[in-house]
Amino acid sequence: MPLSMPTSWLDMANSCVDVLKSQVETEIKAAMTYLAMGAHFARDTVNRPGFSKFFFESASEEREHAIKIIEYLLMRGQLTEDVSKLLSSRLLPLRETWSNGVGALQEALELEANVTKRIQDIIRNCEKPNDSNFNDYHLVDYLTGEFLTEQYKGQRDLAGKISTLGKMMTAHGELGEFLFDKKLLNNEV
């Protein structure tokens, strides 16, 4: 016989629960794209270990974001079913090869900007959900404090890397990417 659990403490609007569940998938898709980038730059024919390391670390960060959202949903009592149902089979990376490092960094910046926009949309929608009069201040504060600052810093970091790499390639051609890769590997950029 299942235990009868009080539900008065469950106060998240269904629309907010749904968009958070969708955000888990967004974060995992970003992680898969970064894994593909890391693997691409690790290939012997590309051999850019700095880019590879950077993108593998980025994949871990996105995976950690997905875990934080799952933990948040669990804390709020919203994942009472099989957690594996959060993920679909559509979690393939956006692509698997890149022509150069600057293109990959530009795609990473676009990816981060899209993730940031989705988080902003969740915040906006959960301040005044359509299906509830409840303003979820806690969720909004959590996303604003835990995610947005990190997103903005990450976007700024990527923009700086793109700028630096572009200048190095203008000055040194393909050697510029090789030198930038060494700087990435040694955490100098």
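The questions and answers below concern the helices, aromatic pairs and nonpolar cores of a predicted model.

Residues are numbered from 1 along each chain as its sequence is written, and side-chain values use heavy atoms, without hydrogens or water. Local features need pLDDT of at least 70 and side-chain atom pairs count only at pLDDT 80 or more, while totals for chains, interfaces and linings use all residues.

Visitor: How many Å does helix H5 reach from its first C-alpha to its last?

Guide: Helices are DSSP runs of H or I with at least four residues, numbered from the N terminus. H5 covers residues 174–185, which is 12 residues. The expected span is 1.5 Å times one less than the number of residues, here 16 Å. The reach in the model is close to that, at 17 Å.

Visitor: Within what arc do the buried residues of H5 fall?

Guide: Buried means under 20% relative accessible area, with a 1.4 Å probe and protein chains only. In H5 the buried residues are Gly176, Glu177, Phe180, Asp181 and Leu184. They line one face of the helix because, seen down its axis, the directions to their C-beta atoms fall within an arc of 140°.

Visitor: Which helices are included in what covers the buried residues of H5?

Guide: Covering is judged by contact, meaning heavy atoms within 4.5 Å. The cover includes helix H2 (49–75), helix H3 (101–127) and helix H4 (137–172).

Visitor: How many residues apart in sequence are the parts tied together by Phe51 and Phe180?

Guide: Rings of Phe, Tyr and Trp (its six-membered ring) pair if their centres lie within 6.5 Å; planes under 30 degrees apart count as stacked, over 60 as edge-to-face and the rest as tilted. Among the eight aromatic pairs found in the whole structure, Phe51 and Phe180 form a tilted one, at 5.7 Å centre to centre with 40° between the planes. Phe51 lies in H2 and Phe180 in H5, so the parts tied together are 129 residues apart.

Visitor: Which helix gives the most to the largest nonpolar core?

Guide: A nonpolar core is a set of buried Ala, Val, Leu, Ile, Met, Phe, Trp, Tyr and Cys residues joined through side-chain atoms within 4.5 Å. The largest has 25 residues, and H1 (14–42), H2, H3 and H4 each supply at least two of them. With six residues, the helix that gives the most is H4.

Visitor: How many residues does the second, separate core have?

Guide: Met37, Ala59, Ile162 and Leu184 are among its members. Leu184 is also one of the buried residues of H5. The size of this second core is 21 residues.

Methods: Helix = DSSP H or I, 4+ residues; strand = E, 2+ residues; numbered from the N terminus. Buried < 20%, exposed > 50% of the residue type's maximum accessible area, 1.4 Å probe, protein only.
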